[in-house]
Amino acid sequence: MAIMGSFAFEEDFLTAAKKLKSSGFDKISLLSPLPLEEAQEILELGKSPVRHYSLAGAIIGAISGFAMATATALVFILPTGGRAIITVPPFLIITYEMTILFGVLFTLLGFHFVSGLPAWRDRPYLSSASSDRFVVVVEGAAADQVARAEAIIRDAGADEIQHVGEGQ
Amino acid sequence: MSTFVEKLRQYRKPGYYDKFDYHWTMTIDLDRCTGCEACMVACQAENNLPIVGEKRFAENREIKWIRIERYWEGEYPDVKMRFIPMLCQHCDDAPCETACPVFATYHNQDGLNTQIYNRCIGTRTCAVYCPYEVRYFNWFTYTWDEPLEQQLNPDVTVREKGVMEKCTFCIQRIRIAKDNAKDDDRRRVRDGEVVPACVQSCPTEALVFGNSNDPEAKVSKMMKNPRGYKVLEELNTTPSIVYLTKVHS
Amino acid sequence: MFDHGQPSYAEVNKDVLSVMLETGPKYWMLLGTTMSVAGICFFMPWIYQLFVGVGAAGMNRNAVWGSYLSNFIFWIGLSHSGTLLSAVLHITNSPWRKAIYRSAEAMTLFSLMTAAMFVMVHLGRVWFVHWSFPIPNQMGLWPNFRSPLMFDVMAITTYLTASSIFIYMGSVPDFAAVRDASTGLRRRLYTIFSFGWRGTAREWHTLGWAYTFFAIFVIPLAVSVHSIVSWDFALSIVPGLHHTIFAPYFVCGAIFSGTAGIVTVMYCLRKFLNFERYIGQVHLDSLGKLLITLSLIWSYINILELFSSWYGGTSFELEALQFKLTGFYAPLYWEMILFCAFVPLLILFKKIRWSWNKMLVISILINVGMLTERFIIVATSQPRKFLPDAFGFYFPSWIELSITVGAFAIFATLFLIFIKWVPAISIYEVKETLKPLRRDA
């Protein structure tokens, strides 16, 4: 059972979120049509773990870039232009590009892992949330807590409250 | 492990080779050169160079691995003409080799700057990087009218469109000479055994070819001539061709 | 920020999405035109050239590089402003970025694709182009990572990947908006495109972090890409190309021409998609100031390049310099100086900077100047290197001119397809610039 309250005003929505959080509701989703820093602060999201993926990707990219250039140069020994076989300056350019390529790809991966997307299953959602509505979703509330959550949402100024089955 | 480290260290060395097996070198005595262009014709016949025709020639798309450059000196009537045969200099530090993304050109163990036609994808970067302008591109697939295709050299490939080509120092003749040396249980090719087409056809013997690693070879002796110089030496491409300057009276 | 009053959140969605959801006959006519121009001017000559050989173009023995390569640099340059500008402005948190960055990034992506097409057209044996990628092939041979062209392959692949990811990830919330505003097949497609985005605080949070990291990666990448393109030239020993100034010169020129390209694209978006409300005076003003700055840097580097050639004093460099300034292509050179160094100075006047029509003319002139700049780099230096006997001359053939024109049609086609598939203005970021609706207001 999930309770979904939809707001027209950002401030009301944030008030409801704050109150729900302080009343001990943990599984709150705050749906908004634009990123709201306040909402992220209420949920205490802090620094995202995505940054670890970026760092890991960049390091792996740097190592594999230089390794690729070196290893492929050693497959066949083909001297060119009087240069050494393992020529560091040009290989550093390859390293540089691979650092960025892997950094970007790992950041993308990190985004998918951390955000839980893609999630094509049905989840509590109002289609107007991508336009101009702010939606609070409380999930996993015990049966006796449902009324309390509903009251908080209504008091904050929600125009519309729905009960939706979870995971449908 | 130690051999691995040793190898890696070796691979880090600029130039990579301490010494080539053979260092094929040519000397061109400009004092002897008459500008007769026999070398150009010989090269054309030996290496299956296409005859591009009048129209393509006017478009500056002819292919001649060796060419005689003409330079005029002075004003009419006191005018002199100088010749200089220009062919691939087989530079030890060739700018063209580093440019190729697919290793279609590289330096082999004989000190030759080789061109592998079927690996070439036609970026033409090597021709831009070459300061001697001795790389020629196949702008079209050229054909030989009957019965001219009968005179093609079977030892040399015919190149298709989109491929770069250049002087190989008649690598097919070098290969044959090396094979013969092996068959005779000799390990080395004798001096004078390899003669590229241009050298063979030079009526004044202005061109001398040989292995400059061998101090007894004729070419090594010619290189010591005080008249010797290398073209565009200041670019540090270390060419394998030594020119002997003309003696001015 | 808004010239005609502030729109509401729902109006933003409606305005931006209506461009995607409502398609008139005019659009189809325009798309048909650009597609047929691309087909006739680009692909037909190219197919002819594939059968005949690159000799169909005007290049010859001494001038082995021609307009294909100068067009390649031009299109890579044009790609340089979108993603780079977007990333820099994202990190510095400039609000005026938000309305224009989506189409600027699209410009990056499509001009990069056009540039990649020119590599294909340039190659002598394009059917073996996969040999230049580090993928195993039947020869067991790997590409030569010492070659500046391999730097190019790596840089452009990375750039193409990174900028497509950058634009895609920035659009995910907007794909969700499209999904919610549509029905049927489109809805199903955009459900997939948007990854089931709901816009929860956690999703916004993750996207924000990931996006910032994309921006951080993209900035050094974009700078490296055009440096590397410049090294295709500067790593040769050709007089007139062998300059250390080339990398900053190319990067600056690239951003310059890209910014001018953004002005042109913004003009078209405003004019034809009725985005007057979102793309306003602020954007024009900021882009104008950026253009002046870049033009001054560009002029400075140009003077420096001439100076170092002259000061170096080798006969080869002086010869190349003389040919550039007074030779056959000198009129083109001075045209470039006029369009790229002097015309942008007009932007200093507020009257000109604030007029869309005048800025459109200036931005197009700048890009004409930049196109010729690239042509001059290719056409004046490498046909005339060291040996005077081998001096050549290059003039493009009609096939090259046709392909040059066709490339613009390819770009336009891709852009027209883009505006129907991706919201051309970032919906959620425009909302960020609006004042939030208050109960008491």
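This report covers chain contacts, pockets, salt bridges and backbone exceptions in a predicted model.

## Chain C against chain A

The size of an interface is often given as the accessible area lost when the parts come together. Between chain C and chain A that area is about 5500 Å². Carbon and sulfur atoms give 69% of it. Chain C brings 56 residues to the contact, and chain A brings 68 residues. Three residues of chain C stand out: C:Arg146, C:Arg198 and C:Phe217. Together they supply 16% of the area that chain C buries against chain A, more than any other three residues.

Charge pairing across this interface comes down to one salt bridge. Its partners are C:Glu203 and A:Arg123, whose side chains meet at 3.6 Å, N to O. Polar contacts number 18 residue pairs, with both residues at pLDDT 80 or more.

Which elements of chain C give two or more residues to the side that touches chain A? They are helices H1 (9-21), H6 (148-181), H7 (184-193), H8 (201-234) and H16 (427-433). H8(C) has the largest share, with 17 residues. By class, this side of chain C has 34 nonpolar, 12 polar and 10 charged residues.

## Chain A against chain B

Here the contact takes 13 residues from chain A and 18 residues from chain B. The buried area is about 1300 Å², and carbon and sulfur atoms give 70% of it. On the chain A side, A:Leu78, A:Pro79 and A:Thr80 supply 36% of the area buried against chain B. No other three residues supply more.

The salt-bridge count between chain A and chain B is zero. Three residue pairs are in polar contact, both residues at pLDDT 80 or more. The side of chain A that touches chain B divides into eight nonpolar, four polar and one charged residues.

The two interfaces, side by side:

| Interface | Buried area | Carbon and sulfur part |
|---|---|---|
| Chain C and chain A | about 5500 Å² | 69% |
| Chain A and chain B | about 1300 Å² | 70% |

## Pockets

The largest pocket holds about 1100 Å³ of space. Its lining has 35 residues. Nearest its centre lie C:Leu30, C:Cys268, C:Leu269, C:Phe272 and C:Leu416. Six helices of chain C each supply at least two lining residues: H1, H2 (25-52), H3 (67-78), H9 (246-273), H14 (356-381) and H15 (398-421). The lining counts 23 nonpolar, eight polar and four charged residues.

The second largest pocket has a volume of about 730 Å³. It is lined by 27 residues. Which of them lie nearest its centre? They are A:Pro35, A:Leu36, A:Glu37, C:Lys98 and C:Glu432. Helix H2 (37-42) of chain A gives two or more residues to this lining, as do helix H4 (82-91), H8 and H16 of chain C. H8(C) gives the largest share, seven residues. By class the lining has 12 nonpolar, seven polar and eight charged residues.

H8(C) thus recurs: it gives the largest share of the side of chain C that touches chain A, and the largest share of the lining of the second largest pocket.

## Salt bridges

Side chains of opposite charge can pair when their charged atoms come close. Over all chains the count is 27 salt bridges. One of them joins B:Glu46 and B:Arg173, with the closest N and O atoms 2.8 Å apart. B:Glu46 lies in helix H2 (residues 38-46) of chain B and B:Arg173 lies in helix H6 (residues 171-183) of chain B, so the pair ties together parts 127 residues apart in sequence.

## Backbone exceptions

Most residues other than glycine have a negative phi, and most peptide bonds are trans. Some sites here depart from that pattern.

A:Leu117 and A:Pro118 are joined by a cis peptide bond, with omega about -5 degrees. A:Pro118 sits in the loop between helix H4 (88-115) and strand E3 (134-139) of chain A.

B:Glu146 and B:Pro147 are also joined by a cis peptide bond, with omega about -5 degrees. B:Pro147 is in the loop between strand E6 (136-137) and strand E7 (164-165) of chain B.

B:Asn48 is not a glycine, yet its phi is positive, about 55 degrees. The loop that holds B:Asn48 runs between H2 and helix H3 (53-58) of chain B.

Note on methods: Residues are numbered from 1 along each chain as its sequence is written. Chains are lettered from A and ligands numbered from 1 in the order in which they are written. Side-chain values use heavy atoms; hydrogens and water are left out. Contact means heavy atoms within 4.5 Å. Buried area is the accessible area (1.4 Å probe) that two parts lose on being put together, summed over both. A salt bridge is a side-chain nitrogen of Lys or Arg within 4 Å of a carboxyl oxygen of Asp or Glu. A polar contact is a pair of N or O atoms within 3.5 Å; within protein, one must be able to donate a hydrogen and the other to accept it, and residues adjacent in sequence count only if both atoms are side-chain atoms. Helices (H or I, at least four residues) and strands (E, at least two) are DSSP runs, numbered from the N terminus. Ala, Val, Leu, Ile, Met, Phe, Trp, Tyr, Cys and Pro count as nonpolar, Asp, Glu, Lys and Arg as charged, and the others, Gly among them, as polar. On a 1 Å grid over the protein atoms alone, a cavity is a set of points where a 1.4 Å probe fits but cannot get out, and a pocket is an open set with protein on both sides within 12 Å along at least five of seven lines; lining residues have an atom within 4 Å of a point. Grid points are joined across faces, edges and corners, and a volume is the space filled by probe spheres set on the points.
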